[in-house]
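Me: I would like a close look at one part of this protein, namely the charged and nonpolar side chains along one of its helices. Please set that part in the context of the whole chain, and take the salt bridges one by one.

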Amino acid sequence: MLGKGRKVSGRGETVTANYAFGPAEDDAIIKHRLLTRTTTTRGEPPLKKLQRKFTSFVLEVEKDEENYNDCAKLSKAFLQELSTFEIPLLKSKAVIDANLREKENFNELKDEINRQISLVQTDIEELKKQLEESKIERQHKEECEAIRKLISAQPPRSETQKSIIEIEKEIAALEAENTAGSRLLELRKKQFALLLHVVDELQNTIEEDQKSLIEEMRMVTEEQKSGMEDASGGSEAMAVD
């Protein structure tokens, strides 16, 4: 099946390339047929036709008769056929040369495209790095902005210093109060210890007084008892007398 060609551009010229799409024939057979032009879509194959013209001319030349006119006619016909056969070959050669130039152009274009792709990939990697750096920088800016807003929300330094002085005064007053309380507590401890000592001494004194009182009462009781015994003994003696 023969398909219509497409325009092929190669370094400032445009040629039309005809492509043949065979069913499943081997590349070597197709190449041989194209070179020898032994196949054609219609009529007699060009090479066979040229061979037939050449054979007729040779046979006519080999005759012994005086047939110069016939030989001239056959020679002219052969040369015309040879020119006709040569033209497609020249066209094929031009197409081949154009295809080779186009292939070179395509290879150069491919190399250029690969080079551009490499450059673009390098640019992409560089842009990725810049993007990461931009993200980090933006994050730092956002953090700085948040800190700035936080600082702006705080009162002025003069007010803060004033508050610090007042708090320091309150702390000093509390420390003084704490010191006075500690001293008072220590005094109360000493007073309480003295009170306990006095109470203990008083309790000891009371116990000794109670013991002395009990001893005195016991002695008085014994004396009274002795007196009563003496009195009853005297009565008995008087009675006896």
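Reply: What follows begins with the overall layout, turns to the helix in question, and ends with the charged residues of the helix after it.

The model is a predicted one, and in it the protein has four helices and two strands, which follow one another along the sequence in the pattern β-β-α-α-α-α. Of its 241 residues, 7% count as buried, and the accessible surface of the protein amounts to about 21100 Å², with 58% of that area belonging to carbon and sulfur atoms. Among the contacts with a separation of 6 or more, 47% are accounted for by residues that stand 24 or more positions apart.

The helix to look at closely is α3, which covers residues 68–153. The structure as a whole holds seven salt bridges, and among them is the pair formed by Glu112 and Arg115, whose closest N and O atoms are 2.6 Å apart. These two residues are three positions apart in helix α3, so about one helical turn separates Glu112 from Arg115. Glu112 counts as partly exposed because its relative accessibility is 34%, a value between the limits of 20% and 50% that bound this class. Arg115 is likewise partly exposed, with a relative accessible area of 42%.

Further along the helix, the side chains of Glu137 and Lys141 meet in a salt bridge with an N to O distance of 3.7 Å. Here the two residues are four positions apart in helix α3, and therefore they too are separated by about one helical turn. The partners fall into two classes of exposure: Glu137, at 45% relative accessibility, counts as partly exposed, whereas Lys141, with a relative accessible area of 54%, is exposed, because the exposed class begins over 50%.

A further salt bridge joins Arg138 to Glu142, and its closest N and O atoms are 3.4 Å apart. Arg138 and Glu142 are again four residues apart in helix α3, which means that about one helical turn lies between them. In this pair Arg138 is the exposed partner, with a relative accessible area of 58%, while Glu142 counts as partly exposed at 47% relative accessibility.

Helix α3 also brings nonpolar side chains into the picture. Phe106, which is found in helix α3, forms a nonpolar patch on the surface with Leu109, Ile113 and Ile117, and together these residues have about 360 Å² of accessible area. Phe106 itself counts as partly exposed, because its relative accessibility is 45%, and that value also satisfies the requirement of over 30% relative accessible area for members of a patch.

For context beyond this helix, charged residues are also grouped elsewhere in the chain. Glu215, Arg218 and Glu222 are linked in a network of salt bridges. Separately, Asp200, Glu201, Glu207, Glu208 and Asp209 form a negative surface patch. One of these residues, Glu201, lies in helix α4, which spans residues 157–240, and Glu201 counts as partly exposed because its relative accessibility is 39%. Members of such a patch have no salt bridge, so Glu201 belongs to the negative patch without a salt-bridge partner.

How values were computed:
Residues are numbered from 1 along each chain as its sequence is written. This is a predicted model: local features need pLDDT of at least 70, side-chain atom pairs count only at pLDDT 80 or more; totals for chains, interfaces and linings use all residues. Side-chain values use heavy atoms; hydrogens and water are left out. Patches are made of residues with over 30% relative accessible area and no salt bridge: like charges are joined within 9 Å, nonpolar side chains (Val, Leu, Ile, Met, Phe, Trp, Tyr) within 5 Å. Accessible areas come from the Shrake-Rupley method with a 1.4 Å probe; for residues, only the protein chains shown count as cover. A salt bridge is a side-chain nitrogen of Lys or Arg within 4 Å of a carboxyl oxygen of Asp or Glu. Lys and Arg count as positive and Asp and Glu as negative; His and the chain ends are not counted. The place of a charge is taken as NZ of Lys, CZ of Arg, CG of Asp or CD of Glu. Buried means under 20% relative accessible area, exposed over 50%, partly exposed in between (1.4 Å probe, protein chains only). Contact means heavy atoms within 4.5 Å.
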